[in-house]
Amino acid sequence: MGSAMCTLRWVGLLAVAAMLAPGGIGHAQAPAERPGDPPAGPPASAPAPGARPPAKVQYSDHAMGTNVTVWMWTPDERSAAQAAEAVFTEMKRLDKEMTTWVADSEVSQVNTNAGIKPVKVSDETFAVIERAVDISRRSRGVFDITVGAFKGVWKFDEDVDFSLPDPAEVKKRLALVNWKDIALATNAGQHTVFLKRKGMSITLGGIAKGYAVDKCVDLLRKRGFTDFMIQAGGDMYIAGSKSGDPWMVAIRDPRGPPNTFFATAPIENHSFSTSGDYERGFVKDGVRWHHILDPRTGQPARASRSVTIRAKDAFTADAWSKVMFILGPAASRDLIKREKLSDFEVVWVDDKNQIVTTEGIRTVMKVLKEPTPGP
């Protein structure tokens, strides 16, 4: 398992949330098989004589600053264990490449050389940064990986001391936040990234886990698995079913105790990504201060308590969930229409603690209860 210093722990855009109902380990659990529930129905087709029937197997590890869990519906537990280990290895490889918590990572080198020179990066790191810049453009700066400039100003990680930053320091760092000052270039097949001003810093915490989840989905499919779930913090992909029965996921209650949920939905061959204000932060004088910063102000975003995205892939869901969180329901709907985001559904718990959804998810989502009130 990776050490804390080798994990992705970025200030600014990263948000994690439990998205499955009780019955498993850590943030991720399987709702259809709670203790006391009847067992899942029989397989859609009977197994061959003497063959083991498919069943759910689960594996967990730690990577990219969060718990990573893999569930598979399979009769081959040995192959499943080998595949899960390959997933964890891949997550840790990408972690080392894209973290800002070790000095020799590619992203750290880009930050170290801000205002000095372009830095050569791998195809993967370039692809993630290029996608981030595209979403910054399409969101008109609501998504901005240069919020890495706020690292150490807001204290929501191991450094948390329940203090608020000096407004003058926030203003100073805010001047270094501008996605338009990220220069990307490709020459002779080599990719470079250059931050145009000294003091700038990028963080891939709002998008890299989604990319990593998608890479691991491809890895499992190449190994022949079709029915599985992968979750890394608030980012998840759900593939196939359990012998015809859908995987069920749930959305955490932002103000409820851990492992409490306000809604469930069946998901197949889609990603689910949640951004919430409850995982990293604190309440002071009745106000919640949290890690999802609005890059336009340098302050915690206030329009939502949580946002969950259902999209065709985790890369898409991860990045856009921060945009939808920061904008809130009304402005987000305008953006979805303007940018023609398709196969894209959203569930908000807004700043008034109301559940708001897009039309497509509303038809399949089951509301279990109203979200718990509180600051």
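**Exercise 1.** In this predicted model, determine the place of Ser332, which lies in helix α7 (residues 329-338), with respect to burial: is Ser332 buried or exposed?

*Solution.* Begin with the accessible area: the relative value for Ser332 is 0%. The threshold for the buried class is under 20%. Ser332 is therefore buried.

**Exercise 2.** Identify the surroundings of Ser332, apart from its neighbours within four places in sequence, and the backbone oxygen that its side chain reaches.

*Solution.* With those sequence neighbours set aside, Ser332 is in contact with Val323, Met324, Leu327 and Trp348. Next, consider the side chain of Ser332: at 3.4 Å it reaches the backbone oxygen of Met324. This distance falls under the cut-off for a polar contact, within 3.5 Å.

**Exercise 3.** Establish the strand order of the open three-stranded sheet and explain which strands stand at its edges.

*Solution.* The order is β8-β9-β18, and the pairing is antiparallel. β8 (247-252) and β18 (366-367) each have a single partner strand, so each has one side without a neighbour in the sheet and stands at an edge. Between β8 and β9 (residues 261-267) there are six bridges. Within β9, Ala263 is the residue opposite Ile251.

**Exercise 4.** Characterise the lining of the second largest pocket by residue class and by contributing strand.

*Solution.* The pocket holds about 160 Å³ of space. Its lining comprises six charged, three polar and three nonpolar residues; among them are Arg255, Asp277, Val287 and His290. At least two lining residues come from each of β12 (287-290) and β15 (304-311). β12 supplies the largest share, three residues.

How values were computed: Residues numbered from 1 in each chain as written. Predicted model: local features only at pLDDT ≥ 70, side-chain atom pairs only at ≥ 80, totals over all residues. Heavy atoms only, no water. 1 Å grid on protein atoms, 1.4 Å probe; cavity = no way out; pocket = protein on both sides within 12 Å on 5 of 7 lines; lining within 4 Å. Points joined across faces, edges and corners; volume = space filled by probe spheres on them. Helix = DSSP H or I, 4+ residues; strand = E, 2+ residues; numbered from the N terminus. Nonpolar A, V, L, I, M, F, W, Y, C, P; charged D, E, K, R; others polar. Buried < 20%, exposed > 50% of the residue type's maximum accessible area, 1.4 Å probe, protein only. Polar contact = N/O pair within 3.5 Å; in protein donor to acceptor, adjacent residues only side chain to side chain. Contact = heavy atoms within 4.5 Å. Pairing = 2+ DSSP bridges.
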